[in-house]
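Here is a walk through one protein model, written for someone who would rather look at contacts than read a parts list. Keep the viewer open and follow along.

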Amino acid sequence: MVAANYACLINIMMDQQQQHGDQSEVLVNELIGVIEYVKAIPDFRITQKTQSCCLVRRLKLLLPLLEEIRDLESPLPEECLVCLRKLQKAVLSGKKLLKACSVGSKIYLAFESEGVMIRFKSVYEKISQALDALPHHKLALSEEVKEQIELIREQMRRAKTRSDSQDMELAMDMIVVLSTENDRNADSASIDRLANKLGLRTVEDLNTETAAVRKLVKERRGHNAEATQQTLIVLRKFRRFSGMDEKDIFEEPVVPKALNRSPSIGTPNEFLCPISLEIMTDPVIISTGQTYERDNIQQWLDSGHRTCPKSGQPLDHLTLAPNFALKNLILQWCERNNIELPKKYAAKPPTSLEKASAEPKNRMLTLVTNLSSSRLDVQRKAVTKIRKLSKESPESRVLIAKNGGIPPLVQLLSYPDSKIQENAVTALLNLSIDEENKILISKEEPIAPIIEILQNGNIGAKENSAAALFSLSMLDENKSTIGALDGISPLVELLRTGTIRGKKDAVTALFNLALGHANKSRAIEAGIVAPLLQILKDNHLDMTDETLSILLLLSSHPEGRQQIGQLSFVETLVDFIRDGTPKNKECASAVLLELGIHNSNLLLAALQYGVYEHLVEVAQSGTDRGQRKANSILQQISNSEQI
């Protein structure tokens with residue numbers, strides 16, 4: 001009887017060991033499978049590409065360890081299983097994060113770039129904790145793998161302590177695009193740069209982004225409503241800028257009513273326009289060989305684009321050739337399936353491209369030639385007309401450049417006539433919205449005369465000169481050129497004495513230039529801090545977020561911190577944290593945190609002004625970024641009290 005009980009006990013223990021071994025094998029295999037999955041993710045969003053690739057690389061370092069654990073003959077200790085389960089949770093969190101950075105909305109990820117960075121650090125923290133607790137000395141691991149464990153631990157320690165600063169240029173572009181409500185070409189430049197930075201240039205890119213935003217809105221279900229709403233606003237602006245329909249992004253691609261009556265019939269993909277995804281009634285071929293619906297591609301070209309919407313390739317010419325063969329195939333298919341194509345409107349107003357094309361080429365050439373006329377009245381008329389054409393018609397911007405209009409316009413910047421100077425600099429501002437024109441203008445070395453107009457021109461000329469410098473400074477080489485030619489001082493003067501429009505142009509240009517360390521020093525030497533602080537006091541200017549963003553940049557410079565970190569300014573920050581808009585509170589908290597990191601006395605001053613309860617409020621109900629900044633300040637305060 002005893003022997004039987006003993007045998008039964010042995011069997012139970014063996015079964016438990018078997019289950020224990022099966023459990024560990026499944027766990028390790030799942031971990032390996034997750035890492036193999038993330039290794040196969042094809043690409044990541046631009047704003048999180050570096051962090052995502054680093055996380056994948058570090059996860060891959062775990063594979064030799066996991067494979068050797070899987071091949072161990074002896075069962076794993078229970079404490080080892082506990083660590084592996086923790087590691088599994090961490091790796092699954094990493095997988096979810098990497099998937100979001102691969103297929104999530106680019107715009108939303110840009111808004112939440114700092115929050116995403118915190119999620120990366122959280123993943124590293126969890127992996128690090130699991131590895132630190134792993135009793136590898138109790139496992140029969142090879143010396144090579146033990147060395148690998150130490151390498152991984154060191155990698156994770158570095159990753160979780162690394163401090164990545166926010167992409168300030170991206171943050172400012174977001175602020176400018178969100179605050180832009182008009183169609184000035186200078187504002188279009190901000191939208192253009194942001195779209196380029198996020199890789200949302202083609203219709204195909206924007207259709208993919210629209211689908212990602214639809215999914216985001218569905219998943220968020222009202223959570224973090226502000227960031228979601230901002231994402232929608234920017235997406236709509238991108239679609240409008242690219243000449244796409246401004247229909248509700250929640251709608252699926254429109255299907256002609258005639259096709260709705262035959263849902264079982266699948267429309268061949270080649271019959272659908274790549275822009276609208278609707279069946280084509282008037283297909284045309286562009287220079288890359290791609291076919292589009294005439295109205296859709298015309299709208300794309302009218303918006304100033306000179307690339308193929310689908311491939312992004314530059315267009316050799318803008319001719320639209322009818323695709324009669326495809327049109328006949330579509331008609332035959334519709335007739336066979338008893339489908340009636342939507343009828344086109346009989347009479348449509350001519351597009352701006354058609355208007356521009358109707359302008360004889362020799363007329364444009366004559367206008368360009370007249371820019372160099374010896375008669376002042378002829379020059380004035382020509383530059384006035386070119387200024388008007390360059391603003392109203394994207395096609396004209398290309399035609400003006402192709403007919404050699406840029407060199408004489410740059411020469412007119414130095415002409416001793418204030419009205420000609422104003423029209424010339426404004427025409428160049430309008431022309432610079434086209435990316436190729438921006439490069440052509442820069443080659444003519446226009447920056448010195450533009451700075452001269454900024455210093456001595458009339459009010460309108462100064463404002464448009466500031467906007468032109470902002471547009472041209474999108475090319476990195478022009479940032480240093482503008483700084484070296486002392487273009488920052490007159491921008492600071494415009495910031496101090498200009499109109500509201502002039503101040504806005506100056507703020508935008510100065511932010512762009514202050515991204516460079518040398519220009520940051522020049523701006524501080526030019527006295528930028530005082531007018532920025534004055535702008536914060538003028539409530540009617542509505543430039544708080546832009547101004548605080550520049551101050552945040554300047555606060556990373558020792559001299560900037562010294563000038564900014566006055567008690568009166570700390571009190572102003574506290575006022576914004578208390579009474580400002582959610583975005584004001586976020587930006588003010590970011591500046592206070594940057595100042596407080598380098599000088600804890602400023603945090604003590606903020607406490608005396610009553611900031612604590614307002615920080616708690618922001619930490620609980622502010623924007624996502626505002627909550628993080630407020631929590632960081634509260635942590636700084638707590639650390640200071642403990643010392």
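## Two loops, two odd backbones

D486 has a relative accessibility of 40%, so this residue counts as partly exposed. You'll find D486 in the loop that runs between helix 24 (476–484) and helix 25 (488–497). What makes D486 worth a click is its backbone: phi is near 60°, a positive value in a residue other than glycine. Bear in mind that this is a predicted model.

E445 has a positive phi too, about 55°, and is not a glycine either. Its place is in the loop between helix 21 (435–443) and helix 22 (447–456). With a relative accessibility of 67%, E445 counts as exposed, because the cut-off for that is over 50%.

## The whole chain

Zooming out, the protein chain has 35 helices and three strands. It has 643 residues, of which 51% count as buried. Take the contacts between residues at least 6 apart in sequence: 71% of them join residues at least 24 apart.

## Two helix pairs

Two helix packings are worth a look. Start with helix 4 (residues 78–103) and helix 6 (residues 113–133), whose axes come within 8 Å and cross at roughly 160°. An angle over 145 degrees counts as roughly antiparallel, so that is how helix 4 and helix 6 lie to each other. The crossing of helix 4 past helix 6 is left-handed. On the helix 4 side, the contact is made by C83, K86, L87, A90, S93, G94, K96, L97, L98 and C101. Helix 6 brings V116, R119, F120, V123, K126, I127, A130 and A133. Sorted by character, the residues of this contact come out as twelve nonpolar, two polar and four charged.

Now go to helix 26 (residues 500–513) and helix 29 (residues 544–554), which pack at an angle of about 25° with their axes 10 Å apart. That angle makes helix 26 roughly parallel to helix 29. Here, too, the crossing is left-handed. Helix 26 puts V507, L510 and F511 into the contact, and helix 29 adds E546, S549, I550 and L553. These residues divide into five nonpolar, one polar and one charged.

## Just past helix 6

Where does L134 sit? L134 is in the loop between helix 6 and helix 7 (143–161). Its relative accessible area is 6%, so L134 is buried. Neighbours within four places in sequence aside, L134 is in contact with L65, C80, C83 and R153. Take C83 from that list: L134 and C83 are 51 residues apart in sequence, yet 5.7 Å apart in space, C-alpha to C-alpha. C83 is also one of the helix 4 residues in the contact with helix 6.

## An aromatic pair

How many aromatic pairs does a search of the whole structure find? One. The rings of F271 and W333 have their centres 5.8 Å apart and their planes at 70°, so the pair is edge-to-face. F271 is in the loop between helix 12 (257–260) and strand 1 (283–285), while W333 is in helix 14 (residues 324–336), so the pair ties together parts that are 62 residues apart in sequence. F271, with a relative accessible area of 6%, is buried. W333 is buried as well, with a relative accessible area of 8%.

## Two more buried residues

E463 is part of helix 23 (residues 459–472). Is this glutamate buried or exposed? Its relative accessible area is 13%, and under 20% means buried, so E463 is buried. Leaving out neighbours within four places in sequence, E463 is in contact with T499, R501, G502 and D505.

Q298 lies in helix 13 (residues 294–302). Q298 counts as buried, at 7% relative accessibility. Its C-alpha is separated by 8.8 Å from that of G243, a residue 55 places away along the chain.

Here are the accessibility values of some of these residues side by side.

| Residue | Relative accessibility | Class |
|---|---|---|
| L134 | 6% | buried |
| F271 | 6% | buried |
| Q298 | 7% | buried |
| W333 | 8% | buried |
| E463 | 13% | buried |
| D486 | 40% | partly exposed |
| E445 | 67% | exposed |

Conventions. Residues numbered from 1 in each chain as written. Predicted model: local features only at pLDDT ≥ 70, side-chain atom pairs only at ≥ 80, totals over all residues. Heavy atoms only, no water. Buried < 20%, exposed > 50% of the residue type's maximum accessible area, 1.4 Å probe, protein only. Axes fitted to C-alpha atoms, helices over the stretch in contact; angles between N-to-C directions. Parallel < 35°, antiparallel > 145°, perpendicular 65-115°, else oblique. Left-handed = near helix turned anticlockwise from the far one by under 90°. Contact = heavy atoms within 4.5 Å. Nonpolar A, V, L, I, M, F, W, Y, C, P; charged D, E, K, R; others polar. Phe/Tyr/Trp six-rings, centres within 6.5 Å; stacked < 30°, edge-to-face > 60°.
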